[in-house]
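User: I'm new to reading protein structures and would like a close look at one part of this one. Could you take me through the sheet and whatever lies across it?

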Amino acid sequence: MSVDGDARWLDWVTRQFESIAGDDKEIDIDEFKTALKVKESFFAERFFALFDSDGSSTISLDELLKALDLLIHGSETDKLKFLFQVYDVDGSGSIDPDELRTVLKSCLRESAISLPEEKLDDLTLALFESADKDRSGAITFEELKAELENFPEVMENLTISAANWLKPPDLDQKKRQAPRYLTRAYWHNNSRKLLFLCSYACLNLLLFLGAMLQHRQGGGWYMVAKGCGQCLNFNCTFVMVLMLRRFLTWLRATWVVRVLPLDQNILLHQIVGYAILGFTLVHTTAHIFNFVQLSESREFSLWEYLLTTRPGIGWVKGTASVTGVVLQVVICLMVLCSSTFVRRSGHFEIFYWSHLSYVWVWSLLMVHCANFWKWFVVPGLLFLLEKIVGIAVSRMGGLYIVEVNLLPSKVTHLVIKRPQFFHFKPGDYVYINIPVIAKYEWHPFTISSAPEQSDTLWLHVRSMGQWTNRLYEYFRQPESQAVSSKRLSTSLRKHRQLLKAQEELFSSAGCNGAVASTEDDSVELMMYRQNSSCSDVAPPSTPGCGVPAGPPEDDLGPAERGEAPPLREVSVKFGDNHRFCNIKCYVDGPYGTPTRQIFASEHAVLIGAGIGITPFASILQSIMYRYRRRKQNCPNCKYSWCENIKDSEMKLRKVDFIWINRDQKSFEWFVSLLTKLEMDQADEEPEGRFLEMHMYMTSALSKNDMKAIGLQMALDLLAKKEKRDSITGLRTRTQPGRPEWAKVFQKVSEENKGKVHVFYCGSPALAKVIKAQCEHFSFNFYKENF
């Protein structure tokens with residue numbers, strides 16, 4: 001902080017203290033906890049005890065400012081001594097294992113991390129044994145200082161977060177910068193969209209002026225009404241074109257995708273929708289003023305012009321005014337029900353059913369305007385053709401949900417029998433209808449399985465609205481009425497027969513299958529490829545994680561992949577969270593998304609926030625299938641590598657995958673898949689790893705928080721020792737807090753692996769932050785949305 005910043009900060013702290021302290025000018029432990037807003041009282045009590053220099057059980061303003069000045073402006077040694085005193089609970093001048101365990105346990109609670117007691121013991125011993133250099137059974141200040149020097153990033157962040165707790169928010173705000181819409185980078189990265197919008201605006205202007213000049217004999221208000229009417233003829237058909245999903249998916253495979261912003265069709269659809277609302281309001285208002293003038297000079301009143309057919313305005317029995325009023329009401333309701341606060345507040349059905357009134361809008365427009373049919377005929381035929389094809393495809397063959405897994409945070413994992421004619425690209429999405437949940441409702445979800453997985457389709461559905469909550473609750477019931485007992489018995493019998501056949505294969509191969517019981521009383525039968533040693537096994541599952549079975553291996557033969565037959569995993573689980581079933585469903589799709597661009601990229605950065613990982617689950621699996629085809633093995637040794645060859649299928653040279661989750665449980669959704677991806681890259685590549693994974697847990701205390709320093713050191717040490725992260729069980733270390741995007745993209749830029757394309761799926765708020773950083777580094781940005 002600058003001198004002026006220090007002065008303002010001091011003034012702010014003084015005012016805050018006075019508002020908390022009250023008349024006695026001192027604060028006690030309860031007031032201190034309230035001020036710090038800490039989850040775990042251990043650290044508040046330790047801080048309070050150290051700030052209370054006179055031992056009066058209260059803190060005065062002078063004591064508080066003196067302590068904070070030490071934390072902010074003190075030397076590195078002063079800060080380390082304060083940290084040591086926090087860990088030295090009994091004040092003995094050294095830290096014993098029990099004290100360290102108490103601190104780490106409090107750190108875990110503060111970070112919302114749940115680990116078994118045995119794992120906490122391992123963390124404690126890892127840090128204690130590393131710091132206790134002389135093996136005296138206690139850590140001295142000098143030993144703690146020496147240990148911290150092995151973690152330079154920790155030393156950099158020892159500005160102790162106590163100051164951040166009391167720092168006014170406006171001091172952290174950066175200086176006001178020019179709006180990003182005026183920057184050169186923004187115009188460069190959004191050139192297609194901006195050019196399209198300019199062309200769209202010019203076309204509307206030309207239509208407006210042309211119609212006005214054509215009807216100039218009718219007066220000013222009449223000219224405005226006709227100009228807006230002509231624009232409405234165009235926009236009410238163009239808004240439909242932007243939602244021809246099959247047509248746009250086909251266009252994505254052509255050169256048109258390099259010219260038109262097809263990946264932003266939803267945004268353009270919304271813009272055109274608001275334009276329709278604006279034109280209808282102006283159109284209606286202009287006609288009202290025109291009718292006011294006519295009512296003064298003719299025999300009909302204003303209300304007769306507006307609400308009756310007596311004036312005879314319109315080409316179908318004088319119904320133009322009446323249909324115009326109805327159209328105005330319907331369009332306003334459609335826009336209102338399409339608002340973000342309606343769709344995101346768990347009322348998707350309101351948006352869905354109100355949007356179906358587009359049929360009435362087009363029908364009324366046919367009656368309202370004599371020329372509308374000329375604009376409508378071609379787009380209308382395309383729309384009708386797409387609907388017919390969609391209905392035909394969705395009803396072809398019998399699709400059934402054959403397996404369901406209920407995952408943490410109310411995520412429903414659906415496994416659907418995949419029909420032979422169903423072909424899709426990684427990252428595509430489908431509309432699904434499940435009659436037992438809602439007979440007439442269709443909802444879009446991203447396919448989370450890879451195209452190379454020919455037997456089944458995966459969908460991961462997060463419970464966020466009425467339909468998704470009904471889906472989750474339906475499968476959470478102990479005995480679902482929709483599951484036919486005969487079909488379920490048949491399904492279980494088939495799985496048991498498959499298990500029996502595999503056991504026979506184990507005995508003939510001379511290798512025993514590993515049977516492991518998990519926490520949900522399920523049984524997993526792991527089967528390893530024939531003629532392999534029993535030691536060639538997957539790593540054990542994450543401690544405390546009830547992770548569903550991973551995806552089946554691809555159907556490509558060993559010769560096609562240039563490797564030995566893969567291990568195949570079959571999981572049979574019987575419990576409340578995993579069941580086999582046969583439930584009828586219908587699927588419409590697939591439809592393309594911006595992520596189809598990924599295989600044309602050289603360096604792809606995939607960013608998923610929460611359940612936003614679903615499109616990348618499919619993409620990562622597909623990437624690794626193609627990666628295996630490139631993989632070469634030395635015939636004389638076990639060394640393997642991947643040839644860095646650009647081909648027509650995949651130009652990728654590097655993939656960075658970033659997954660951001662709020663809590664630890666969310667990582668269980670796809671940890672099995674990510675473990676397999678890590679195993680595929682067990683061997684180092686000449687140019688570094690092809691796929692790098694980065695995990696972030698936002699509920700965990702960040703590394704610049706004093707309370708987290710010991711925990712992060714212990715997690716790092718144990719991860720190096722066990723070659724595995726304690727939070728997820730992956731080899732990739734989970735980072736606490738949120739990514740520092742400037743540093744992340746700076747590192748990506750320095751790798752020089754080719755043109756960088758960033759693909760994001762998650763909350764709109766984070767999308768804005770990432771997009772701004774992409775514009776700064778001149779990265780192409782693609783946002784996944786429906």
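Analyst: Sure! Keep in mind that this is a predicted model. Let's start with a helix: α26, residues 671–680, lies across two strands, β15 (654–661) and β16 (691–697). Compared with β16, helix α26 runs at about 145°.

Now for the sheet those two strands belong to. β15 and β16 are part of an open sheet of six strands, and the order across it is β17-β16-β15-β12-β18-β19. The pairing is parallel. What holds paired strands together? In general, strands of a sheet pair through backbone hydrogen bonds, and they can do this in a parallel or an antiparallel way.

Which strands sit at the edges? Those are β17 (734–736) and β19 (780–783). Each of these edge strands pairs on one side only. The sheet isn't flat either: going from one strand to the next, the twist averages 20°.

Let's zoom in on the β19 edge. Its partner there is β18, residues 756–761, and the two strands run parallel, joined by four bridges. If you'd like to find a particular pair in the 3D view, pick Y760: its bridge partner is K783 in β19.

So here's the picture to keep in your head: six strands in an open, parallel sheet, β17 and β19 at its edges, and helix α26 lying across β15 and β16. A good way to practise is to trace the order from β17 through β16, β15, β12 and β18 to β19, then look for the four bridges between β18 and β19.

Methods
Residues numbered from 1 in each chain as written. Predicted model: local features only at pLDDT ≥ 70, side-chain atom pairs only at ≥ 80, totals over all residues. Heavy atoms only, no water. Pairing = 2+ DSSP bridges. Axes fitted to C-alpha atoms, helices over the stretch in contact; angles between N-to-C directions. Contact = heavy atoms within 4.5 Å.
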